[in-house]
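Dear colleague,

I am handing over the structure we spoke about, and you will find it directly below. After it I have written out what was found, arranged by region, so that you can read the text with the model open.

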Amino acid sequence: MEIKLTLLLSFLLLSFKLAAQPFTGRPSDKVEVYGKLSNSEGKMIYFTKEPYFDNHISVDSTQSNASGRFVFRGIMTEPTPYLLQVGEQGVRLLLEPGTILITGNADSLEQISVAGAREEIIRRIYLDSMARFDEGIMRDQILSAKYGGDTAKLKVLERKLSAMRARQRQVILALMKTYPLAASSIYYTSYFLTTHESRDLAIADSLLELYENSKTAHYEQVKRLRSSWGTTKKLVLGEPVHDFVQYDTTGREVLLTSLKGRYLLVDFWASWCGPCRQENPMLVAIRKEFSGRNFDIISVSLDSDSKAWLNAIKADQMNWMHASDLKGWKNDAAQLYGIQSVPFNFLLDPEGKVLAVNIRGVDLQPFLQRHLP
């Protein structure tokens, strides 16, 4: 099979008569994509580098010739996701250094064939495997049972959701064992960070050590994951929270650990954050509902404008403790926990241990109902 693929690539690449362009960087970092797409004759072909473990987006383009052939050349130091686009059609691909051949129809890019791209093949295996776990449908059923008052059905669905997540976890681990250094395996390491569970953080740590002692050590995504691991371990379920200092609306110092003794929702938001403002009425209602059960809220703002911050508190009737250092995205507490988007929250028990992380929306009320005495 490998010999046939090599011969196929060699034969097809000979049909491309496009002029070669000079390269910079190491030869091992060079990627060449040769394409032949029917219904693309004379059209512009766009390759957009998508944000992966950085926020950099770049767009490159080439024009298909009269036979529907095109070449894309670039430099990359690790496998990188791109959006291939022809007109209104687009498809995501995981490109890697080497020679890649794309064939198919420009009107149905989801069906194109990609040869010579091992990382893209593995990515599709992961996608096919994860497609079996449609959590969205089950969560909709849970909400329907919850608001319909069907507690028996709700318990059954919650057990099914828990079992499904356990199976998904095992599938990911099995794929990682089969493809230990694949870019998709490295990407799914983030799965073991989002749970905020100590056992999963230990798995993530061992995986990162594997990557850091292999040919993938220089990958940007490995470095970013290690950084995320370092901040995630500061919010581990069942463990004491790492302390921070912020300042209330009068400028007085607020130490998080000084608020022990009650169930405390630590809510990160900002006056300019639309989704945060949409959730604020729900927080107002929840505080009112659970205030008699030793529960309270502290909201930490990522604002830099004091007036906007104070006006938003008043407008949204958030009558609880507020704090900020008015450093915007450079807020010290947000930096401590590696918060990259708001709204974000975590729930502490009276001893200052983490009960839940980023539990929001319709999930928060039933969680509090179950866990508060």
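**A partly exposed serine**

S113 counts as partly exposed, because its relative accessible area is 41%, a value between the 20% and 50% limits that bound this class. Please keep in mind throughout that this is a predicted model. S113 belongs to strand β8, and its C-alpha atom is separated by 9.9 Å from that of G35, although the two residues are 78 residues apart along the chain.

**Strands β1, β7 and β8**

Strand β8, which covers residues 113–115, pairs with β7 in the antiparallel sense over three bridges, and within this pairing I102 has V114 of β8 as its bridge partner. On the pairing of β7 (residues 98–105) with β1, the sense is parallel and there are eight bridges; here K36 has T103 of β7 as its bridge partner.

β1 also takes part in a contact between side chains, since E32 forms a salt bridge with R73 in which the closest N and O atoms are 3.2 Å apart. This pair links distant parts of the chain, with E32 in strand β1 (residues 30–38) and R73 in strand β4 (residues 69–75), 41 residues apart. Which of the two, E32 or R73, is buried? Both of them are.

**Strand β5 and its partners**

Strand β5 (residues 80–86) is mostly covered, with six of its seven residues buried. It pairs in the antiparallel sense with strand β2 (residues 44–49) over four bridges, and there Y46 has Q85 of β5 as its bridge partner. β5 likewise pairs with strand β6 (residues 89–95), in the antiparallel sense and over seven bridges, with T80 standing opposite L95 of β6. β5 and β6 form a hairpin that has two residues between the strands, and G87, in the turn, has a positive phi of about 60°.

**The five-stranded sheet**

Further along, there is an open sheet of five strands whose order is β13-β12-β11-β14-β15 and whose pairing is mixed. Its edge strands, each of which pairs on one side only, are β13 (321–323) and β15, and from one strand to the next the twist averages 20°. Within this sheet, β11 pairs with strand β14 (residues 344–348) in the antiparallel sense over five bridges, and the bridge partner of V266 in β14 is F346.

**Salt bridges around D296, and the total**

A search of the whole structure finds 17 salt bridges. Two of them involve D296, and I describe these together.

The side chain of D296 meets that of R262 in a salt bridge, at 3.2 Å from N to O. This pair, too, links distant parts of the chain, with D296 in strand β12 (residues 295–301) and R262 in the loop between β10 (253–255) and β11 (263–269), 34 residues apart. D296 counts as buried because its relative accessibility is 14%, which is under the 20% limit, whereas R262, with a relative accessible area of 28%, is partly exposed. D296 also forms a salt bridge with R287, where the closest N and O atoms are 2.8 Å apart; R287 is partly exposed as well, with a relative accessible area of 25%. Elsewhere, R169, E197, R199 and D200 are joined into one network by salt bridges that share partners.

**The largest pocket**

The largest pocket holds about 1,200 Å³ of space. It is lined by 34 residues, of which E135, R139, L161, R165 and D363 are the closest to its centre. At least two lining residues come from each of α3 (135–147), α4 (151–178), α6 (191–194), α7 (198–212), β15 (354–357) and α12 (364–371). Which element supplies the largest share of the lining? It is α4, with seven residues. By class, the lining consists of 15 nonpolar, seven polar and 12 charged residues.

With best regards

How values were computed: Residues numbered from 1 in each chain as written. Predicted model: local features only at pLDDT ≥ 70, side-chain atom pairs only at ≥ 80, totals over all residues. Heavy atoms only, no water. 1 Å grid on protein atoms, 1.4 Å probe; cavity = no way out; pocket = protein on both sides within 12 Å on 5 of 7 lines; lining within 4 Å. Points joined across faces, edges and corners; volume = space filled by probe spheres on them. Nonpolar A, V, L, I, M, F, W, Y, C, P; charged D, E, K, R; others polar. Salt bridge = Lys/Arg side-chain N within 4 Å of Asp/Glu carboxyl O. Buried < 20%, exposed > 50% of the residue type's maximum accessible area, 1.4 Å probe, protein only. Pairing = 2+ DSSP bridges. Axes fitted to C-alpha atoms, helices over the stretch in contact; angles between N-to-C directions.
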